[in-house]
Amino acid sequence: MKPYLWIFTGAYTVALMIFGVISIFIHIGSSSGVPTLIAGGFFTAWHFVKREKRIPNADEKVQLIWGSIACTFIISALLVFIFVLATGTSQAVIASLQLIPMWIWLIAIAFIILIEFAVFYFSYGWFAIKCLEGQQKKRQR
């Protein structure tokens, strides 16, 4: 699964950059979160099906889902770290984080994981099946 998680990381990062640039011009704000997850998950599922000529089995699907979730958290942490370094606002960020109770952070993180799980479950399940059907139709022609 490691190569597919690298593919996901690349696709997700590119999607983040594209939506970041678009948001500068049309002010879409935080509504770009789910589309970037979909872009990364769909591209990875498409690549998996294209390369393996099948959909991920149950174990592979679980690894892809949780691996993709881990990748999004790692990328997000890196981006926040770079932002804090670039702007020199580490104390302000830490002070802001301390204003919110821990239980709210835990609920927010659980909610984010739930959304990501749903998107990746959909990507590596339904979308992978659609990709396989599309490949089979191409071969029949």
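Within helix 5, Lys-130 and Glu-133 lie 3 residues apart, which means that about one helical turn separates them. In this predicted model, the two residues are joined by a salt bridge, in which the closest N and O atoms are 3.4 Å apart. Both partners are partly accessible at the surface: Lys-130 has a relative accessible area of 39% and is therefore classed as partly exposed, and Glu-133, with a relative accessible area of 34%, is likewise partly exposed.

The count of salt bridges in the structure comes to 2. Besides the pair in helix 5, a salt bridge links the side chains of Arg-54 and Glu-60, with a distance of 2.7 Å from N to O. Here the two partners fall into separate classes of accessibility, since Arg-54, at 31% relative accessibility, counts as partly exposed, whereas Glu-60, with a relative accessible area of 14%, is buried.

Helix 5, which spans residues 102-140, also packs against helix 2, which spans residues 33-52, and the axes of these two helices are 8 Å apart and form an angle of about 40°. Because of this angle, helix 2 is described as oblique to helix 5; an angle under 35 degrees would have counted as roughly parallel, and one of 65 to 115 degrees as roughly perpendicular. The crossing in which helix 2 passes helix 5 is right-handed. As for the chemical character of this contact between helix 2 and helix 5, its residues comprise 17 that are nonpolar, 4 that are polar and 2 that are charged.

The cysteines were considered next. The structure holds 0 disulfides, and the distances between sulfur atoms show why this is so for Cys-71: the closest cysteine sulfur, in Cys-131, is 19 Å from the sulfur of Cys-71, which is too far for a bond. A disulfide would require the two sulfur atoms to be within 2.5 Å. Seen from the other residue, Cys-131 is likewise in no disulfide, as its nearest cysteine sulfur, that of Cys-71, is 19 Å away. With regard to accessibility, Cys-71 has a relative accessible area of 13% and is therefore buried, and Cys-131, at 9% relative accessibility, also counts as buried, the limit for this class being a relative accessible area under 20%.

Notes. Residues numbered from 1 in each chain as written. Predicted model: local features only at pLDDT ≥ 70, side-chain atom pairs only at ≥ 80, totals over all residues. Heavy atoms only, no water. Axes fitted to C-alpha atoms, helices over the stretch in contact; angles between N-to-C directions. Helix = DSSP H or I, 4+ residues; strand = E, 2+ residues; numbered from the N terminus. Parallel < 35°, antiparallel > 145°, perpendicular 65-115°, else oblique. Left-handed = near helix turned anticlockwise from the far one by under 90°. Nonpolar A, V, L, I, M, F, W, Y, C, P; charged D, E, K, R; others polar. Buried < 20%, exposed > 50% of the residue type's maximum accessible area, 1.4 Å probe, protein only. Salt bridge = Lys/Arg side-chain N within 4 Å of Asp/Glu carboxyl O.
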